[in-house]
Amino acid sequence: MLAIIIYAFGVMYSPGPANMLALFAGINGQGWRAFLYCVGVGVAMLILFLLIGYLGSEIIPKEYQSVIAVVGGMYIAYLGVKILKASFQKESSTAKETSVSFKSGMVLQLCNPKSLVAIVPIVTVQFPRAHVEGGQIALWSLGLSIMACGAPSVYLLAGARLKKAAMNPKVMAWINRVMACLLFYVAYRFIFNV
């Protein structure tokens, strides 16, 4: 069960479109409207977790879950490599003026491919391994979607309170490196706990 949380944290809290929009909204001082954007991201993740969580357990036969775990583990390791490589590239961030809302957060997250990267391995591999089924899928989906709401919220807070640090490429590089290490750990667990 810890692997589910570590994987979700590593994917959800690494920089992506939803998190970067929240960061820039915080830098631009958008306040509560931007927090509603974060709630929209969480609601979208809840919808996707519930939908894929209940359908995924019915669609994917148990004999294919090992293959999915190995392929998923390799993909997670690939994401870790991409994030780690990006952390060594020199580029500076600039605060873009963006207006965010609940609706924009929900629509963005429903259309964000990173959502499926987070959800599919959890519901097709990790849930069955942890014997998460029935009503537990709804409980885990709720908890993980709250965690998903927390990711852009952290970036929003960082943008609002730590403007200089949030825009510092060195700080973001180290955050990316930590996230990459978490993804490598999860990839290892996916592949070798088959």
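Which residues have the most contacts inside the largest nonpolar core? The legends below take up this core and several helix contacts in a predicted model.

**Figure 1. The largest nonpolar core.** This core holds 36 residues. Those with the most contacts inside it are Tyr7, Met12, Phe49, Ile122, Phe127 and Leu144. At least two core residues come from each of α1, α3 (31-59), α4 (62-87), α6 (113-129), α7 (135-161) and α9. Helix α6 gives the largest share, 7 residues. A second core is separate from this one and has 18 residues, among them Ala18, Leu23, Ile27 and Ala34.

**Figure 2. Surroundings of Phe127.** Phe127 is one of the residues with the most contacts inside the largest nonpolar core. With neighbours within four places in sequence left aside, Phe127 is in contact with Ile4, Ile122, Val132, Ile137, Trp140 and Leu144. Of these partners, Ile122 and Leu144 are also listed among the residues with the most contacts in that core, and Ile4 is a buried residue of α1.

**Figure 3. Burial of helix α1.** Helix α1 spans residues 2-12. The helix is largely enclosed by the rest of the structure, because 8 of its 11 residues are buried. The buried positions are Ala3, Ile4, Ile6, Tyr7, Ala8, Gly10, Val11 and Met12. Tyr7 and Met12 also appear among the residues with the most contacts inside the largest nonpolar core.

**Figure 4. Packing of α1 on α9.** The axes of α1 and α9 (residues 169-192) come within 9 Å and cross at roughly 140 degrees. The two helices are therefore oblique to each other. Their crossing is left-handed. On the α1 side the contact is formed by Ala3, Ile6, Tyr7, Phe9, Gly10 and Val11, and on the α9 side by Met179, Leu182, Leu183, Tyr185, Val186 and Arg189. By class, this contact comprises 10 nonpolar, 1 polar and 1 charged residues.

**Figure 5. Packing of α6 on α9.** Here the axes lie 12 Å apart, at an angle of about 60 degrees. This angle makes α6 oblique to α9. The crossing of α6 and α9 is left-handed. Pro121, Val125, Gln126 and Arg129 of α6 meet Val186, Arg189 and Phe190 of α9. The residues in this contact divide into 4 nonpolar, 1 polar and 2 charged. Val186 and Arg189 of α9 also take part in the contact with α1.

**Figure 6. Gln109 in helix α5.** Gln109 lies in α5, which covers residues 102-111. Its relative accessible area is 8%, so Gln109 is buried. Apart from residues up to four places away in sequence, Gln109 touches Ala18, Val41, Ala44, Met45, Leu48 and Ser115. One of these partners, Ala18, is included in the second core.

**Figure 7. Leu79 in helix α4.** Leu79 is located in α4. Its relative accessibility is 19%, which means that Leu79 counts as buried, the cut-off being under 20%. With residues up to four places away in sequence not counted, Leu79 touches Val117 and Leu183. Leu183 is also one of the α9 residues that meet α1. Leu79 and Ala25 are 54 residues apart in sequence, and their C-alpha atoms are 26 Å apart in space.

Methods
Residues numbered from 1 in each chain as written. Predicted model: local features only at pLDDT ≥ 70, side-chain atom pairs only at ≥ 80, totals over all residues. Heavy atoms only, no water. Axes fitted to C-alpha atoms, helices over the stretch in contact; angles between N-to-C directions. Helix = DSSP H or I, 4+ residues; strand = E, 2+ residues; numbered from the N terminus. Parallel < 35°, antiparallel > 145°, perpendicular 65-115°, else oblique. Left-handed = near helix turned anticlockwise from the far one by under 90°. Contact = heavy atoms within 4.5 Å. Nonpolar A, V, L, I, M, F, W, Y, C, P; charged D, E, K, R; others polar. Buried < 20%, exposed > 50% of the residue type's maximum accessible area, 1.4 Å probe, protein only. Core = buried A, V, L, I, M, F, W, Y, C linked by side-chain atoms within 4.5 Å.
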